[in-house]
Amino acid sequence: MLVRRGLRPRPTPPDIPFSPDLDEAAADQLARQLDSYAFRLFLRGAIQRWEGFRPGETTRYLQAPQSRAYAEWLVKAGLASRLSTDRYRLIRGARSFGGTLEWYVARELRRRLQFDVASGLKTHAKGVGGDLDVVAAAEGKLVYIELKSSPPRNITAPEICAFFDRVGRLRPHVSLFVVDTALRLTDKILPMLVAELERRGGGVEIEPRRVERELWALTAHLYAVNARGDLISNISRAVAAGFHALAPAA
């Protein structure tokens with residue numbers, strides 16, 4: 001589907017703190033841990049401290065016993081080593097948490113919704129920078145998901161612009177801008193998306209529609225999603241809304 005759109009997609013080496021050849025049982029255990037927003041916050045902090053970390057240093061949002069339990073789980077799973085009684089280090093490094101988030105979302109879309117999925121793709125398309133985080137296909141429809149692992153305050157207008165550039169070049173049936181945060185999107189992310197969409201639409205006013213909680217439809221085929229409640233359930237709900245909008249009226 002990407003090649004038919006004139007792209008030359010190539011996978012990039014996965015930027016993940018574990019082997020890409022992880023066996024199915026181990027991969028499933030890791031995915032179940034990643035279901036937890038708290039664990040994702042913890043692992044993000046551990047990745048940022050490649051030289052080693054104390055459990056309490058990874059994120060200020062967790063109590064010490066929970067952070068230590070997560071660190072011990074990483075050791076038991078063979079993903080981290082214990083340097084001392086209170087210091088740990090991931091066995092494999094990664095530049096950021098973004099690659100792990102892509103791996104997790106792609107795996108869950110394949111497992112839960114039976115999509116054909118690819119992640120971390122270079123497009124080699126002129127004027128379109130960055131990678132395609134996750135693309136998924138089912139029922140002859142193409143879904144594009146932009147994933148942000150940074151908190152909303154760190155997401156910039158140029159990143160929003162680049163997202164719309166990719167959507168314009170890819171022309172998917174459904175597009176999602178997903179921020180792995182429990183914070184509201186209405187404070188910063190949604191206004192930036194609306195402003196860029198209005199700019200590209202020649203000033204035509206956009207009225208986002210709340211689907212539920214912090215799941216927003218900017219158009220019938222473009223959605224903004226956060227992680228409050230359950231990240232994958234929220235993504236699945238947005239996909240369902242997009243597919244429903246594509247269906248013929250009864």
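Two strands count as paired if DSSP finds at least two bridges between them. Keep that in mind for the exercises below, which all concern a predicted model.

**Exercise 1. Work out which residue of β7 is the bridge partner of K148, and in what sense the two strands pair.**

Start with the strands. β6 covers residues 141–148, and β7 covers residues 174–179. They pair in the parallel sense, over 6 bridges, so the two-bridge cut-off is met. Now for the partner: K148 is matched with V179 in β7.

Stay with V179 for a moment. Its relative accessibility is 0%, so it counts as buried, the limit being under 20%. Leaving out residues up to four places away in sequence, V179 touches K148, S150, P152, I155, L185, I189, V225, N226 and A227. L41 is 138 residues away from V179 in sequence, yet the two C-alpha atoms are 13 Å apart in space.

**Exercise 2. Lay out the open sheet: what is the strand order, and which strands stand at the edges?**

First, the order. The sheet has 8 strands, running β1-β4-β5-β6-β7-β10-β9-β8, and the pairing is mixed. Next, the edges: β1 and β8 (209–212) each have a single partner strand, so one side of each has no neighbour in the sheet.

Then check some of the pairings:

- β1 (residues 10–11) and β4 (residues 116–122) are antiparallel, with 2 bridges; R10 sits opposite K122.
- β4 and β5 (residues 131–138) are also joined in the antiparallel sense, by 6 bridges; here A118 has V135 as its bridge partner.
- β6 and β7 supply a parallel pair.

Last, add a helix. α6 (residues 189–200) lies across β7, β9 (215–219) and β10 (222–225), and runs at about 5° to β9.

**Exercise 3. Compare the end-to-end spans of α4 and α7 with what their residue counts predict.**

Take α4 (residues 98–113). At 1.5 Å a residue, its 16 residues should span 22 Å, and the end C-alpha atoms are 22 Å apart, which agrees. Now α7 (residues 231–246): its 16 residues should also span 22 Å, and the ends come out 23 Å apart, which agrees too.

A look at the ends of these helices rounds this off. At the start of α7, a side-chain oxygen of D230 comes within 3.4 Å of the backbone nitrogen of I232. After α4 comes Q114, which has a positive phi, near 60°.

**Exercise 4. Is α4 largely enclosed or open, and what do its buried residues pack against?**

Count first: 12 of the 16 residues are buried, so α4 is largely enclosed by the rest of the structure. The buried set is G98, G99, T100, L101, E102, W103, Y104, V105, A106, R107, E108 and L109. Their packing partners are α1 (24–34), α2 (37–48), β4, β5, β6 and α7.

α7 has its own buried list: L231, I232, N234, I235, S236, A238, V239, A241, G242 and F243.

**Exercise 5. Find which residues touch the most other members of the largest nonpolar core, and which element gives the most to it.**

As background, nonpolar side chains tend to be buried together in soluble globular proteins. In this model the largest core has 54 residues, and L74, V105, I145, L176, Y223 and I235 touch the most other members. α7 gives the most to this core, with 7 residues. Another core lies apart from it, with 29 residues, including L121, Y144, V194 and A224.

Zoom in on L74: beyond its neighbours within four places in sequence, L74 is in contact with F39, F42, L43, F53, L79, A80 and L90.

**Exercise 6. Classify R44 and K188 as buried, partly exposed or exposed, then list what each one contacts.**

R44 is in helix α2. Its relative accessible area is 13%, so R44 is buried. Residues up to four places away aside, R44 touches F97, S149, P151 and D180.

K188 is in the loop between β7 and α6. With 26% relative accessible area, K188 is partly exposed. Outside the four-place window, K188 contacts P152, R153, N154 and I155. Two polar approaches stand out: the K188 side chain reaches the backbone oxygen of P152 at 3.2 Å, and one of its polar atoms is 2.7 Å from the backbone oxygen of I155. K188 and P152 are 36 residues apart in sequence, with C-alpha atoms 6.9 Å apart.

Technical notes
Residues are numbered from 1 along each chain as its sequence is written. This is a predicted model: local features need pLDDT of at least 70, side-chain atom pairs count only at pLDDT 80 or more; totals for chains, interfaces and linings use all residues. Side-chain values use heavy atoms; hydrogens and water are left out. Helices (H or I, at least four residues) and strands (E, at least two) are DSSP runs, numbered from the N terminus. The expected span of a helix is 1.5 Å times one less than its number of residues. Buried means under 20% relative accessible area, exposed over 50%, partly exposed in between (1.4 Å probe, protein chains only). A polar contact is a pair of N or O atoms within 3.5 Å; within protein, one must be able to donate a hydrogen and the other to accept it, and residues adjacent in sequence count only if both atoms are side-chain atoms. Contact means heavy atoms within 4.5 Å. Axes are lines fitted to C-alpha atoms, for helices over the stretch in contact, and angles run from 0 to 180 degrees between N-to-C directions. A nonpolar core is a set of buried Ala, Val, Leu, Ile, Met, Phe, Trp, Tyr and Cys residues joined through side-chain atoms within 4.5 Å.
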